[in-house]
Each structure stands twice: as structure tokens, then as C-alpha cells.
Amino acid sequence: MIRIEKKSIINPLTLNFFKIISFFIGVFISTLVLKVFSINITDFLKDIFVDAFGSKYAISETFLKTIPLIICGIGVSLAFKMKLWNIGAEGQLYIGALGSTLVALYFKTDSSFFMLSIMFLVAFILGGLWSSFAGLLKTKLNINEIIVTLLMNYIAILFINYLVYGPLKDPDGFNFPYSKKFPPQAALSTLFDTRLHTGIILAIILLIVYYILVERSIWGYEIRVIGSNPKAAKYAGININRNVMLVMFLSGGISALAGFTETAGVINRLQHSISPGYGYTAIIIAWMSGQKTFGIFLYSFFMAVIFIAGDTLQLNYQLPISMVNTFQGIILFVILISEFLLNHKISFKRRKDD
């Protein structure tokens, strides 16, 4: 007979250490999958290192991919702290990109600061309202937010596709599915003569704000209490429904800012497939980090390297970019197993005959 018992106390440092070890075990197993395609693992790892860290440009590209992962990771982690399962960061990113695009194309000003500020606010508000719909359905009708946020991803992505193939399509774009290019004042400044932009500063500021509000404030304590014990929170006089709406709004609004940084900082227009899956990857980041500030940064960086690995596979080995999803799935699976084994004691006992 197998007996599984939950351990009462787990040292957070031990848990984080095992998560990091599990991450690299997952990476190792992922590389073994490539043996099926007759890829030399040593050469592949060398290529990844060169593509991710081999030059100033390579490092800047790695951090460029880290920016939306950090921002979406913060948005998802905020909801997860209250045991609200926001699976819709990908769609919220697209809505933020749409808000930024509408401002950039139709709001006229010569001030870059004013233009970018309005783009930021509109992206945040639209993303927050988009996410709040799931919060409203949960508070009023007790509809599961996982299903709602997941399905809303498809609505957002397909709606953007409709716009770039239709009303927002650039008439001078040689029939490609993208909008007109943003004016210069709607573009984030670049750093160090690379494509890395000032969105990295925004990501760091959001990390600091997240740390203060969620990990060090009374409100952060309240949302943790709601997540761990709703009955105790209600008994303590905490307004659960109001906090559900607020957290869903902030979670969606923050995730939408990744759409702002991608359109204003990288592609400077709205186009099909803005994101290679940053919003979905943020779910993995939030889980692996335990919703801790430094963990969000660390695992966002690790996942950015995984995306670089996907580019390497596509360009150097002619494998599809979808291999990134395979890597992410393997890594998450290994981490979940290790976390389960660390948090539970498994014993085998022979059943006694009556």
C-alpha cells in the first residue's frame, strides 16, 4: 500500500534550490529529445551560448525577450497570490498592443513623453477592463476564471488578426498583415546601440512596485489571506469581491503593458503574432517563482534563453519554433514532480491480512 503524507514545514530556501536544480534537469532532458533529430547536443549548447551571451547584441536580445516575460510574469503572479488563476495574460498582452496602436496611429502630438504616457495608460486600462470581465463573472455568477481567461485569449488574438487583415491593415504594406508604422514619437528609446529599449526600466520598476505592494504591504497580506483562507478573510472583514475585481484588473492591466513594450519598443506597429507565447510562458514563470519578486526576474531570464534556443533550432537546425513549447512543458513537468516529492513523504507498507 502506498501512503502519501504532506510534510508540515519546508524550508523556502530548500524549495527554491530544488526548483533551480529541477529547471536545469528539465533543460538536460529537453536536450536529449533533440537526439531524435540527430542533433549534436554539444554543438547545440555552444550555439545557444553564442546566440544568448556571445556578444553585446546577443545579450541585448536575451534581455529584450526577458522584458515581456517579466511584465506578464508579474501580472500572472499577482493573481496567483490570491489563488485567482489568470490564464489570460497572452490575450491581455494583445489587448494592450491594440490600445497602444490606436493611440499611436490616431492621437496626434509631437511630444514623445506625452504620446508614450497615453499609450501606456490606454494599454493598462484596456487590459485591466478585459481581465475584469473574468473577475465580474466570478464574483457575480461564480464562473471559473480559468475557463473565462483562457477562452478570452482566443477572442483577443483572433480580433487582432481581423484588424491587421482588415480595418487596420497598412494600404502601403504590400498586402502583409500589419498596421501602419508608428510615428517616431511613439517609439521607446533604444539602449547601448542595440534593439534593447527602455521597457527594461519599466520592467524593473514594476518588479519593485510588485515587491512593495504584494510582499511588504498590508494589502498584499490581505490578498494572501484571501487566497489561503477565504473564510478567515471574510471573518476579518476583508471585502473579497472587491479585491477579486481589483486584482483581476491590475493583473490584466500589467500583462497588457507587455503589449505596449512590444509594439512601442520592438515592432513599432500592430501585426499578426505579436507574441510567441510570452503570456502562456508567464504562467510557468509564476508557478516556478512561487510569485516571489526575484524568482520572477530569474525565471523570466531563464525562459528568455529558452526562446533564444528556439530561434537557434529554427535558424541553425531547421526545426519548428514550437519546440520551445516542448522544452517548457518538460521543464514544468520536472519541476512539478520535484516539488511534489519535496513536499510529500511517500512510504510503502504491506497491507495486513484481516
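Residues are termed buried when their relative accessible area is under 20%, exposed when it is over 50%, and partly exposed in between, with a 1.4 Å probe and protein chains only. The structure is a predicted model, in which local features need pLDDT of at least 70, side-chain atom pairs count only at pLDDT 80 or more, and totals for chains, interfaces and linings use all residues. Residues are numbered from 1 along each chain as its sequence is written, and side-chain values use heavy atoms, with hydrogens and water left out.

The chain comprises 13 helices and 2 strands, where helices (H or I, at least four residues) and strands (E, at least two) are DSSP runs numbered from the N terminus. The radius of gyration is 22 Å, which agrees with the value near 20 Å that a compact globule of 354 residues would have; this quantity is taken over C-alpha atoms, and the globule rule is 2.2 Å times the number of residues to the power 0.38. Along the principal axes, the C-alpha atoms fill a box of roughly 85 × 60 × 35 Å. Of the 354 residues, 51% are buried. Among contacts (heavy atoms within 4.5 Å) with a separation of 6 or more, 79% are between residues 24 or more positions apart.

The exposed surface of the chain amounts to about 17900 Å², of which carbon and sulfur atoms supply 67%; accessible areas come from the Shrake-Rupley method with a 1.4 Å probe, and for residues only the protein chains shown count as cover. The chain carries 29 positive and 18 negative side chains, with the centres of the two sets 11 Å apart. In this count Lys and Arg are positive and Asp and Glu negative, while His and the chain ends are not counted; each charge is placed at NZ of Lys, CZ of Arg, CG of Asp or CD of Glu.

Two helices towards the C terminus were examined by their span, for which the expected value is 1.5 Å times one less than the number of residues. Helix 12 (residues 293-317) contains 25 residues and extends 35 Å from its first C-alpha to its last, close to the expected 36 Å. This helix is mostly covered, as 18 of its 25 residues are buried. Glutamine 318, which follows helix 12, has a positive phi near 55 degrees. Helix 13 (residues 323-343), with 21 residues, reaches 30 Å between its first and last C-alpha atoms, close to the expected 30 Å.

The buried residues in helix 13 include Met323, Val324, Phe327, Gln328, Ile330, Ile331, Val334 and Ile335, together with Ser338, Glu339, Leu342 and Asn343. An α-helix has 3.6 residues a turn, so residues three or four places apart point the same way. Threonine 326 also lies in helix 13, but at 32% relative accessibility this residue counts as partly exposed. Its C-alpha atom is separated by 9.2 Å from that of valine 33, 293 residues apart along the chain.

Helix 3 (residues 56-81) contains threonine 62 as well as glutamate 61. Threonine 62 counts as buried at 1% relative accessibility, and glutamate 61 counts as buried at 9%. Residues up to four places away in sequence being disregarded, threonine 62 touches Ala52, Phe301, Ala304, Val305 and Ile308. On the same basis, glutamate 61 touches Arg195 and Ile308.

Helix 3 is also among the elements that cover the buried residues of helix 8, together with helix 7 (199-215), helix 9 (230-235) and helix 10 (240-267). In helix 8 (residues 218-228), the buried residues are Trp219, Gly220, Ile223, Val225, Ile226 and Gly227.

Serine 112 is located in helix 5 (residues 112-141) and is partly exposed, at 29% relative accessibility. Neighbours within four places in sequence aside, serine 112 is in contact with Gln185 and Ala187. The C-alpha atoms of serine 112 and isoleucine 321 are separated by 35 Å, the two residues being 209 residues apart along the chain.

The loop between helix 6 (145-165) and helix 7 holds asparagine 175, and phenylalanine 192 is placed in the loop between helix 6 and helix 7 as well. Asparagine 175, a residue other than glycine, has a positive phi near 70 degrees and is exposed at 61% relative accessibility. Phenylalanine 192, likewise not a glycine, has a positive phi of about 60 degrees and is exposed, with a relative accessible area of 59%.
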